[in-house]
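Colleague: Could you take me slowly through a single part of this predicted model, the largest pocket and what surrounds it? I would like to follow the reasoning step by step.

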Amino acid sequence: MKKTGSLSALGAIALIGSVLLTTGVSDAAPAKWARHSDAAAQFRKAGITSVSSGGCTNWEQRNCTSFTNINKATVSGAIAFKQVSRCKVIITGGTEKGHAPGTYSHRNGYKVDMSRGKAVARCLDSYITRTFTYAGKRGDGARMYKSPAGNVYANEHSHWDVTYFKARV
């Protein structure tokens, strides 16, 4: 086989193939749970509960808690967090209207809000602040902590606003 510069033709093909594969993977849209009920079933199976101030799951209503079109990695990440932290997890916000916009937003399926109510605050706060790395304050003053997987937990006083980039802790 004739060499092309410092790469053989076979090596050049392998290199091009890996670049194409890497590009295609990083640009792919995240896998989603299209229906609220499917994602909610995953959470329930893991012992995670959800509540909404309006007692509803309609993603078009601000006072509901919906998992419609939530990323599968977000669901898996929250489940992994519950398993390793051994804390009770109550989700109070998902993909419903009313959250801040952006690429890595609630509406785009990357975030959930975890309650910091009396029954869960001590465990969540302790685990997050002792296990994850302090990452500074957000523009709104929320203290942020970053997990080893790169997920971000922001303390918004009444709840943790969690952005899941990866399906693990």
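Modeller: What follows begins with the chain as a whole, goes on to the pocket and its charged residues, and then turns to the surroundings.

Since this is a predicted model, everything below describes computed coordinates. The chain has 169 residues, and buried residues make up 39% of them. Its secondary structure consists of 4 helices and 11 strands. If you take the contacts between residues at least 6 apart in sequence, 57% of them join residues that are at least 24 apart, and several examples of distant parts meeting will come up as we go.

Now to the pocket itself. Its volume is about 200 Å³, and its lining is made of 13 residues, among which His-99, Ala-100, His-106, Glu-156 and Asp-161 lie nearest the centre. Sorted by class, the lining holds 3 nonpolar, 6 polar and 4 charged residues. Two strands deserve a look here, since strand S7, residues 111-115, and strand S11, residues 159-163, each supply at least two residues of that lining.

Asp-161 is a good place to pause, as this residue is among those nearest the centre of the pocket and also takes part in a salt bridge with Arg-138, with N and O 3.0 Å apart. The pair links distant parts of the chain, with Asp-161 in strand S11 and Arg-138 in the loop between strand S8 (133-137) and strand S9, 23 residues away in sequence. Asp-161 has a relative accessibility of 4% and therefore counts as buried, the cut-off being under 20%. Arg-138 has a second partner as well, for it forms a salt bridge with Asp-140 in which the closest N and O atoms are 2.8 Å apart. Asp-140, at 53% relative accessibility, counts as exposed because the cut-off for that class is over 50%. Arg-138 is thus paired with a buried aspartate, Asp-161, and with an exposed one, Asp-140. As a general point, side chains of opposite charge can pair when their charged atoms come close. Together with Lys-111 and Glu-156, the three residues Arg-138, Asp-140 and Asp-161 are linked in a network of salt bridges. Glu-156, like Asp-161, is one of the residues nearest the centre of the pocket.

The strands that supply the lining also meet a helix. The buried residues of helix H4, which spans residues 121-131, are Ala-121, Leu-124, Asp-125, Tyr-127 and Ile-128. These buried residues pack against helix H3 (72-85) and against strands S7, S9, S10 and S11, so that both S7 and S11, which contribute to the pocket lining, are among the elements packed against H4.

Between strands S10 and S11 there is a loop, and His-157 lies in it. The phi angle of His-157 is near 70 degrees, a positive value in a residue other than glycine. With a relative accessibility of 66%, His-157 counts as exposed.

The loop before strand S10 offers a contrasting case, namely Asn-151, whose place is between strand S9 (143-146) and strand S10 (152-155). Asn-151 is buried, with a relative accessible area of 0%. A polar atom of the Asn-151 side chain lies 2.7 Å from the backbone nitrogen of Phe-165, and a polar atom of that side chain lies 2.6 Å from the backbone oxygen of Arg-168. Leaving aside neighbours within four places in sequence, the residues in contact with Asn-151 include Tyr-145, Thr-163, Tyr-164 and Val-169.

Finally, one more pair shows how loops can be tied to each other. Of the 8 salt bridges in the structure, one joins the side chains of Lys-97 and Glu-60 at 3.1 Å, N to O. Lys-97 sits in the loop between strand S6 (90-93) and strand S7, while Glu-60 sits in the loop between strand S4 (49-50) and strand S5 (70-71), so the pair ties together parts that are 37 residues apart in sequence. Lys-97 is partly exposed at 38% relative accessible area, and Glu-60 is partly exposed at 39%. Asn-58 lies in that loop between S4 and S5 too, and a polar atom of its side chain lies 2.7 Å from the backbone nitrogen of Glu-60. Asn-58 and Glu-96 are 38 residues apart in sequence, yet their C-alpha atoms are 7.0 Å apart in space.

Notes. Residues are numbered from 1 along each chain as its sequence is written. This is a predicted model: local features need pLDDT of at least 70, side-chain atom pairs count only at pLDDT 80 or more; totals for chains, interfaces and linings use all residues. Side-chain values use heavy atoms; hydrogens and water are left out. On a 1 Å grid over the protein atoms alone, a cavity is a set of points where a 1.4 Å probe fits but cannot get out, and a pocket is an open set with protein on both sides within 12 Å along at least five of seven lines; lining residues have an atom within 4 Å of a point. Grid points are joined across faces, edges and corners, and a volume is the space filled by probe spheres set on the points. Ala, Val, Leu, Ile, Met, Phe, Trp, Tyr, Cys and Pro count as nonpolar, Asp, Glu, Lys and Arg as charged, and the others, Gly among them, as polar. Buried means under 20% relative accessible area, exposed over 50%, partly exposed in between (1.4 Å probe, protein chains only). A polar contact is a pair of N or O atoms within 3.5 Å; within protein, one must be able to donate a hydrogen and the other to accept it, and residues adjacent in sequence count only if both atoms are side-chain atoms. Contact means heavy atoms within 4.5 Å. A salt bridge is a side-chain nitrogen of Lys or Arg within 4 Å of a carboxyl oxygen of Asp or Glu.
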